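Good morning, and thank you for joining this group meeting. Please look at the sequence and the structure as they appear, and keep them in view while I speak.

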Amino acid sequence: MSRSSPELPIVVLDALMPTAQRLVLNRRGSVVWEVRSHRGHYAVKVGYPIEATADWPAQPWTALAPAREGAVLLRLGFVDLAYGEWECGTWNFQPWREGPDLYQLWEPCRRRRSRIAPHTSVALGCVEALAELHARGWTHGDVQPAHFIIGPERTHLIDLALAQGGDVPEGYDFPFRGCLVHYEAPEIARSVLDTGKAEPTQEADIYALGASLLISATGWRAMEYPDDASRSVQREAVANGRRRQVKAPVELGELVDAMLSHAPEDRPTIYEVGKALS
């Protein structure tokens with residue numbers, strides 16, 4: 001597969017025999033397709049290692065992420081999926097989740113002079129999706145607006161490649177080295193700065209959900225740092241608690257502020273968040 005003009009690996013083509021396919025994403029070690037076939041409607045993920053550049057460190061773990069996610073999904077009892085290896089990394093396919101993500105859905109709320117308020121029912125759907133994962137003893141580790149798909153019947157929490165909570169095949173596992181810094185809790189950022197890795201927690205998921213709700217509703221991230229700052233500079237700002245002076249709309253404001261508390265023990269649990277919204 002050429003990374004500049006990617007194609008589905010032969011093993012996936014043989015398994016699904018697509019009748020239609022659409023390239024959704026091709027960046028930073030990950031390629032995602034929407035695929036339709038006689039078997040159904042799928043998201044296909046293919047991973048390959050990121051080579052080091054002047055502004056981006058090597059990330060060999062990206063090659064393992066699709067298979068690791070496939071293993072996590074199986075541990076959680078999901079069906080109609082598969083994962084395996086191809087010549088440059090790993091792949092999985094899983095049911096396609098239809099609908100906009102949280103950031104897309106709340107776009108009208110962020111328009112200048114908009115009088116459209118973010119619906120708390122949407123926020124509650126995100127909370128319920130995360131609560132379901134937490135109730136099973138797992139943490140997501142990569143909560144962000146793009147990973148909440150607001151479907152016609154329920155909200156789906158996707159992209160579980162970094163989730164922790166059960167056994168994962170050793171050959172596909174890798175240390176947790178943080179996530180997108182906009183949604184990284186202070187204790188996670190500090191650990192990554194100090195040791196190069198961290199332990200994802202449900203409290204950190206709560207912080208990330210609060211940051212996701214804030215940026216989706218307002219367009220502003222929770223922490224103050226330059227837009228072009230390096231990841232280490234971003235993480236220092238997060239670890240030191242440099243909060244922006246921005247609040248979520250009234251219905252969410254106090255709750256989101258509590259979710260973004262610097263100390264993990266000061267954040268509400270996912271059940272307390274759900275109670276506050278309902």
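Is Phe174 buried or exposed? Phe174 counts as buried, because its relative accessibility is 10%; buried means under 20% relative accessible area, exposed over 50%, and partly exposed in between, with a 1.4 Å probe and protein chains only.

Before going further, I should say that this is a predicted model, in which local features need pLDDT of at least 70 and side-chain atom pairs count only at pLDDT 80 or more, while totals for chains, interfaces and linings use all residues. Residues are numbered from 1 along each chain as its sequence is written, and side-chain values use heavy atoms, with hydrogens and water left out.

Let us turn to the aromatic rings. Searching the whole structure gives 4 aromatic pairs; rings of Phe, Tyr and Trp (its six-membered ring) pair if their centres lie within 6.5 Å, and planes under 30 degrees apart count as stacked, over 60 as edge-to-face and the rest as tilted. Phe174 pairs with Trp61, and this pair is tilted because the planes stand at 35°, with the ring centres 5.2 Å apart. Trp61 is in the loop between strand S3 (40-47) and H2, and Phe174 is in the loop between strand S7 (155-157) and H5, so the pair ties together parts 113 residues apart in sequence. Helices (H or I, at least four residues) and strands (E, at least two) are DSSP runs, numbered from the N terminus. Trp61 itself counts as partly exposed, at 26% relative accessibility.

A second example is the edge-to-face pair of Tyr83 and Tyr172, with 5.9 Å between centres and 85° between planes. Tyr83 belongs to strand S4 (residues 82-86) and Tyr172 to the loop between S7 and H5, so this pair ties together parts 89 residues apart in sequence. Tyr172 is buried, at 15%, whereas Tyr83 is partly exposed, at 24%. Ring pairs also join Tyr42, Trp91 and Phe93 into a cluster.

Next, the interior. The largest nonpolar core, a set of buried Ala, Val, Leu, Ile, Met, Phe, Trp, Tyr and Cys residues joined through side-chain atoms within 4.5 Å, has 61 residues. Among the members that touch the most others are Trp106, Phe148 and Leu277. Which helix gives the most to this core? It is H6, with 10 residues. Apart from this core lies another, of 13 residues, including Tyr42 and Phe93.

Thank you for your attention.
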